[in-house]
Amino acid sequence: MKIKELISALNLTLIGGEKGIENEITGAYTSDLLSDVMGNIHDGNVWITLQTHKNVMAIASLRDASAVILVKGLQPDADMLEKANEEGIPVLGTDLPTFEISGKLYQLIN
Amino acid sequence: MSLTTYRADLHIHSLLSPCGDLEMSPANIVAEACRKGLNIIGITDHNTTRQALLIKQLGEKQGLFVLCGAEVTTREEAHCLSFMPDEASLEIFQHYLDAHLPDIKNDSEQFGFQVCVDKNEQIIYEEERLLISALDQSLEQVEQKVHELGGIFIPAHINRPRFSLISQLGFVPTDLPVDALELSKHTTIEAFKAANAYLADYAFIQNSDAHFVNDIGTVFNLLTLSHRSFEEVRKALRNLQQKNVQK
């Protein structure tokens, strides 16, 4: 499934990093600890988090995440958005809390 | 015994931290600290102390007293300033940091360079592992190690929305032995205490958290000591705390 299909399937907002909407999804990882994500996320995973700072994009880029979903209506910091656009990694928004969006994404891709 | 009041900025990064500007060489840090009238500084790179000793040595020649330490990232991703009393304990602490830093490689394009230089600003070492990773040690384990080595342990910028005790745990655990709590410059000690009454009896300090030369000494503390030494700094922090309790 591609990110652009995910956006419509889960009613997500495309906040930035449009260049990457054709990215293929391999799975997802839900965590708010950067070190945890760095050690455990896989190539092509969607990263679900409430962290909104630019190091999120640094890690997403390093680990080839297919997109980042920000939960609870949170918006990226200006420098996170800038980096998302630079790197071409989609930042998607949902109003749902972490548990709900993770559950829906899980059902969608499994 | 006469007491003197000293200006102390205890949270300064060198170029070794990936987020530390490349201008933050030992020579530049010492020069700027002296220029700004600081008497005591603390070197706190992320999860490493490798650049600190040289800064201490250069500082000594300029009459600047330097505390050598690190800004440790615990497993919970809370930052804690950790200072060592002497070279021997510093070396042991560095081994400890090395042992518990995950083997995740830095990417200098994403995170910045992690280099150590000598007094002539020549690169003598490059840290390969990403220094902003979290150690596989809990808050309690780090505190125990620091105090076991006779060090000073100060949770960093606890009021900040990231990488602080309050952002990561929701509160300051009052059974955690600390030498002081650090607040960022985005609040005042009075305002913070008013909003967090359960912390009113703690010693609070504020520092620059400088990553760039210009930021060194933009925030500092006034510490009253009989002379500048590690033990005197520890005592001064304890006195800050006791002043609260006496109220």
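## A buried glutamate in chain B

A residue is buried if 20 or more other C-beta atoms lie within 10 Å of its own. With that cut-off in hand, we can look at B:Glu71 in this predicted model. B:Glu71 has 27 other C-beta atoms within 10 Å, so it counts as buried.

B:Glu71 sits in strand S3 of chain B. Setting aside neighbours within four places in sequence, its contacts are B:Thr44, B:Asp45, B:His46, B:His79, B:Leu81 and B:Ala156. Another pairing to look at in your viewer is B:Glu71 with B:His11: 60 residues separate them in sequence, while their C-alpha atoms are 8.2 Å apart in space.

## Helices H3 and H5 of chain B

Helix H3 of chain B runs over residues 87–100. Its 14 residues, at 1.5 Å each, should span 20 Å, and the end C-alpha atoms are indeed 20 Å apart, so the two values agree. Which residues of H3(B) are buried? They are B:Leu90, B:Phe93, B:Tyr96 and B:Leu97. These cover an arc of only 120° around the axis, and therefore lie on the same side of H3(B). An α-helix has 3.6 residues a turn, so residues three or four places apart point the same way.

The face of H3(B) turned away from the buried side carries the exposed residues B:Glu87, B:Ala88, B:His95 and B:Ala99. On the buried side, the packing partners are helix H2 (52–61), strand S3 (65–73), strand S4 (79–84) and helix H5 (139–148) of chain B.

Helix H5 of chain B has its own buried set, made up of B:Leu139, B:Val142, B:Glu143 and B:Val146. Their arc around the axis is only 100°, which puts them on the same side of H5(B). The elements covering these buried residues include S3, S4 and strand S7 (152–155) of chain B. After H5(B) comes B:Gly150, with a positive phi near 80°.

## Strands S1, S2 and S10 of chain B

Strands of a sheet pair through backbone hydrogen bonds, either parallel or antiparallel. Strand S1 (residues 4–12) of chain B takes part in both kinds of pairing: five bridges join S1(B) to S10(B) in the antiparallel sense, and three bridges join S1(B) to strand S2 (residues 40–46) of chain B, with those two running parallel. B:Ala8 has a bridge partner in each neighbour, B:Asn221 in S10(B) and B:Ile40 in S2(B). B:Thr4 is matched with B:Leu225 in S10(B).

What happens to the side chains along strand S10 (residues 221–225) of chain B? They alternate: B:Asn221, B:Leu223 and B:Leu225 point to one face and are buried, whereas B:Leu222 and B:Thr224 point to the other and are not.

## The sheet of chain A

Chain A has an open sheet of five strands, in the order S1-S5-S4-S3-S2 and with mixed pairing. Its edge strands are S1 (13–16) and S2 (27–30), each of which pairs on one side only. From one strand to the next, the twist averages 30°.

Within this sheet, strand S4 (residues 67–70) and strand S5 (residues 91–93) of chain A run parallel and are joined by three bridges. One of the bridge pairs is A:Val68 with A:Val91 in S5(A). Helix H4 (residues 78–87) of chain A lies across S1 and S5 of that chain, running at about 90° to S1(A).

## Positive phi in two loops

Most residues other than glycine have a negative phi. A:Asn11 has a positive value, near 60°, and belongs to the loop between helix H1 (3–9) and S1 of chain A. B:Asp209 also has a positive phi, of about 55°, and is found in the loop between strand S9 (204–206) and S10 of chain B.

Is each of these residues buried or exposed? A:Asn11 has 10 C-beta neighbours inside 10 Å and so counts as exposed, while B:Asp209 has 23 C-beta neighbours inside 10 Å and so counts as buried.

## Where the chains meet

How many residues does each chain bring to the contact? Chain B gives nine residues and chain A gives nine residues. On the side of chain B that touches chain A, four residues are nonpolar, two polar and three charged.

Terms used:
Residues numbered from 1 in each chain as written. Chains lettered and ligands numbered in written order. Predicted model: local features only at pLDDT ≥ 70, side-chain atom pairs only at ≥ 80, totals over all residues. Pairing = 2+ DSSP bridges. Helix = DSSP H or I, 4+ residues; strand = E, 2+ residues; numbered from the N terminus. Axes fitted to C-alpha atoms, helices over the stretch in contact; angles between N-to-C directions. Contact = placed C-beta atoms within 7 Å. Expected span 1.5 Å × (residues − 1). Buried ≥ 20, exposed ≤ 12 C-beta atoms within 10 Å, placed from the backbone. Arc of directions from axis to C-beta. Nonpolar A, V, L, I, M, F, W, Y, C, P; charged D, E, K, R; others polar.
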